[in-house]
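Here is a friendly walk through the model, written for the bench. Please keep the sequence and the structure open while you read.

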Amino acid sequence: MANLLQTKYWPHIDGLRAFAVMAVLFFHFKTPGFSDGYLGVDIFFVISGFLVSRLILKDIEEFEKVRFGRFFARRIRRLFPTLAAVCVVTAIIAYGLLDNERLTAFGKSVGAAIISLSNINFWSESGYFDTGSDTKPLLHTWSLSVEEQFYLFWPAAKMFTDARALKADEVKAMITRFADTAEAAKSAGFDGVQIHAAHGYLVAQFLSPLSNLREDEWGGSLENRARFLLEIVRAVRERTGKKFGLAVKLNSADFQRGGFDVDDAKQVVKWLNKESVDFVELSGGSYESAAMAGAAEEDNPSSTMLREIYFIEFAKEIEKIAKMPLMVTGGITKRETAEMAMESGAVEIVGIARAYGYNPYIARDWAAGQNTDVRLPEVKSKNKTFKVLATMGMTKANLYTMGEGGMPKAKRSPLIAVIRGQMKQAKLTKQYRKWLDQA
Ligand SMILES: Cc1cc2nc3c(=O)[nH]c(=O)nc-3n(C[C@H](O)[C@H](O)[C@H](O)COP(=O)(O)O)c2cc1C
């Protein structure tokens, strides 16, 4: 790896580039023998992917993080002058050759190329303008935009370090840290804490047979996989005393084939019955299968009630064995639905998350007998991951607005919410890392 990360000039890469460019040029000039010359574009992609990945990996190796600002500044410095020159020269030629309508479309394509959205611009063009590639002089910036968009997301993917198994002493230390945190919360004045054993976070990773591949006392059988949660519950209770609130948020199921399912959840609740737990909140899913945000229910043609209260049917199952009160969270935005959940007899508490992002007064209104409903904005996309990110992003944006004293907005642009959310997350992560370094 160290050898690949060296920064010296490699002349053979320039040679390969020249070969790729010539192949594409010969293809365009219909030179015999070069009918597949467009493959030069792919060669270019591979070279570029190799060189840029080196830069990113070098940053990770040296600084243990990706320096996004430097990365994109470097790309802009490298690409923008050439792109600007191409746009200017093409504009002069286009002015003399294209009719008014095509000239307007060309103007749009210049704007799209500059902000690296050419592919989306050309892809969205249809009908009259969807004629030949020769009337779209900047069509070749399509692949450049795809490349830029790729680099926008690729470094973000490398923000997370690779997963590794905790060592046995690290597992013990982690349990102590849960107790430390609960104690800190108590001394800060909180009345209780909740152990998050859902949504694919650390405790849920121990519970799931898909992520927990350990062969020691913390992995293998469900009893072993649940040990981490049970030890945390005991440690927190021991440290905070009997009067401090202690809840567990548990997945009723992970919604992944071969993952933690409702029978596992029932067994874990049976074990929790023997511990001092004030209530169990039932949720489901993870970032890979976002049932907590309704992703599983979209495909479910069942009754309205089932669709609205995502995990109520699971709660009914688990209620049969639970000795502590249960809470269900997910999908509740109407007073009527909250009441339906309570009347089902399965739960004693309902949880509400996103609806508060649109109306912070719902609990007050419902308690006063008003039927204030919240309509969560619909995100129209076939991509479930994007839908989840957009839903979270829009809610978060409203929470930030309210935090600054403003009023929540009923509608926001999902794309902008996702981009802003990711940027804010990156900034907060940076702040947190800095704080960790100083601590
Ligand atoms: C902006 C946002 C942040 C969230 N953060 C957490 C979290 O830190 N822990 C957690 O258990 N659930 C979190 N969730 C999920 C919610 O607790 C809840 O399970 C989910 O939104 C479904 O409930 P709802 O339909 O009432 O929104 C978050 C949800 C949103 C929208």
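## The sheet and its surroundings

In E3, Ser283 is the bridge partner of Asn251. The structure is a predicted model, in which local features need pLDDT of at least 70, side-chain atom pairs count only at pLDDT 80 or more, and totals for chains, interfaces and linings use all residues. Residues are numbered from 1 along each chain as its sequence is written.

The pair just named belongs to a set of 5 bridges that join strand E2 (residues 245–251) to strand E3 (residues 279–283), and these strands run parallel. Two strands pair if DSSP finds at least two bridges between them. Helices (H or I, at least four residues) and strands (E, at least two) are DSSP runs, numbered from the N terminus.

How are the strands ordered in the sheet? The order is E1-E2-E3-E4-E5, an open sheet of 5 strands with parallel pairing. Strand E1 (192–197) and strand E5 (349–351) each have a single partner strand, so one side of each is left without a neighbour in the sheet. On average, neighbouring strands of this sheet are turned by 25° against each other, direction ignored.

Helices join the picture too. Helix H9 (residues 222–240) packs on the sheet, where H9 touches E1 and E2 and makes about 170° with the direction of E1. Helix H12 (residues 312–319) lies across E3 and strand E4 (326–329), at about 165° to E4. Such angles run from 0 to 180 degrees between N-to-C directions, with axes as lines fitted to C-alpha atoms, for helices over the stretch in contact.

## Two loop residues

Two residues have a positive phi although neither is a glycine.

| Residue | Phi | Loop |
|---|---|---|
| His199 | about 60° | between E1 and helix H8 (202–207) |
| Phe255 | about 60° | between E2 and helix H10 (262–273) |

Is His199 buried or partly exposed? His199 is partly exposed, because 19 other C-beta atoms lie within 10 Å. Phe255 is also partly exposed, with 19 other C-beta atoms within 10 Å. A residue is buried if 20 or more other C-beta atoms lie within 10 Å of its own, exposed if 12 or fewer, and partly exposed in between, with C-beta atoms placed from the backbone.

## The whole protein

The protein has 17 helices and 5 strands. Of its 439 residues, 26% are buried. Among contacts (C-beta atoms, placed from the backbone, within 7 Å) between residues at least 6 apart in sequence, 61% join residues at least 24 apart.

Conventions: Contact = placed C-beta atoms within 7 Å.
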